Amino acid sequence: MGSKVFFSSVISPEEVVRMYEALGVELTGSVACKVHSGEEGNQNYLHPEFWRPVIERVGGTVVETNTAYPGERNSTAKHQALLEKHGWSRYFPVDLLDAEGPDTRIPVTNGKVLRTNTVGKNIANYDSMLVLAHFKGHPAGGYGGALKQLSIGCASSAGKCLIHSGGKVDDQRIVWQNSASQDVFCECMADAASSVVEFFKGRIAYINIMCNLSVDCDCCAKAEDPCMRDIGILASLDPVALDQACIDLVYASDDPGKAHLIKRIESLHGIHTVEAAAELGFGSREYELIKL
């Protein structure tokens, strides 16, 4: 039957908690809640009020990392100011994993491209992780979901450069002149994601919210408005199955606006991240969709 993926068409903060509880696991110890803090000017990201009940349910700390492109999140000082402005610091303890000090390299076992993944050193302070993703399009990866949150999302600024450059460059000043081919970039995302999954060794769970379905990511200061109607919430212990299920629901939708999102995903071969992740063996593209 494949991995279990739970689905609800109801989108609310309370339903996110119910979806987490449907997974039948209890994340323990110090829990990192990986969110997307939202670039300044972005209108589509999920605000802290939406995530608040589930983060409080697990007693988690909101974790984020600095970016590798111009904007309001590419340095610790600017990112911390934006976290405050967007309200994250008002409700939760917040930790920029790569805020200061040397990054940490964690191994990538049998990676297609990468042999190590560069993450913020503070990741070592956590016993488990709840990956909270806004599923939508992405101007680099085609789509963004759980696998992007694990890879680009958990990588430090230098680690993001390594992923985008196919492991060649860790300097944000020159990474965009050394970008990897699209498939290599997707494979690097899968490699990086696998290392974070291995780091937490089963103490990790995933929730994707399929709303505000724009072709652009929450990292875009000027993002397109959503092109199709909301679909629902999905949760799983398998990030590969979770992202595959989300993509399948886009294709299965009867909303004509889906064509725009599908074009974005296909034009950047976004499914290749899912394919590569499945080949690495830390998840399956086969799943059982359980409607709640």
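Two strands pair if DSSP finds at least two bridges between them. Strands (E, at least two residues) and helices (H or I, at least four) are DSSP runs, numbered from the N terminus. This is a predicted model, in which local features need pLDDT of at least 70, side-chain atom pairs count only at pLDDT 80 or more, and totals for chains, interfaces and linings use all residues. Residues are numbered from 1 along each chain as its sequence is written, and side-chain values use heavy atoms, with hydrogens and water left out.

**Stop 1: the strands**

Select residues 61-64, strand β3. Add β4, residues 94-96. The two pair in the parallel sense, over 3 bridges. Pick V63: its bridge partner in β4 is D95.

Now add β2, residues 31-34. β2 and β3 also run parallel, joined by 3 bridges. C33 has V62 of β3 as its bridge partner.

What covers the two faces of β3 with buried residues? T61 and V63 lie on one side, V62 and E64 on the other, and all four are buried. Buried means under 20% relative accessible area; exposed is over 50%, and partly exposed lies in between (1.4 Å probe, protein chains only).

**Stop 2: the crossover**

Show helix α2, residues 48-58, with β2 and β3. Together they make a right-handed β-α-β unit. To check the hand, point the strands away from you: right-handed means that the path from the first strand over the helix to the second runs clockwise.

**Stop 3: the aromatic rings**

The structure holds 5 aromatic pairs. Rings of Phe, Tyr and Trp (its six-membered ring) pair if their centres lie within 6.5 Å; planes under 30 degrees apart count as stacked, over 60 as edge-to-face and the rest as tilted.

Select F50 and W51. Their ring centres are 5.2 Å apart and the planes sit at 80°, so this pair is edge-to-face. Both F50 and W51 are buried.

Move to W88 and F92. Here the centres are 6.3 Å apart and the planes are at 35°, so the pair is tilted. W88 is buried at 0% relative accessible area. F92 is buried too, at 6%. Add Y91: W88, Y91 and F92 form one aromatic cluster.

**Stop 4: H79**

Where is H79? Look in helix α3, residues 76-85. H79 has 0% relative accessibility, so it counts as buried.

Which residues does H79 touch, not counting those up to four places away in sequence? They are S37, E64, T65, N66, E72, R73 and L96. Contact means heavy atoms within 4.5 Å. One of these residues, E64, is also among the buried residues of β3.
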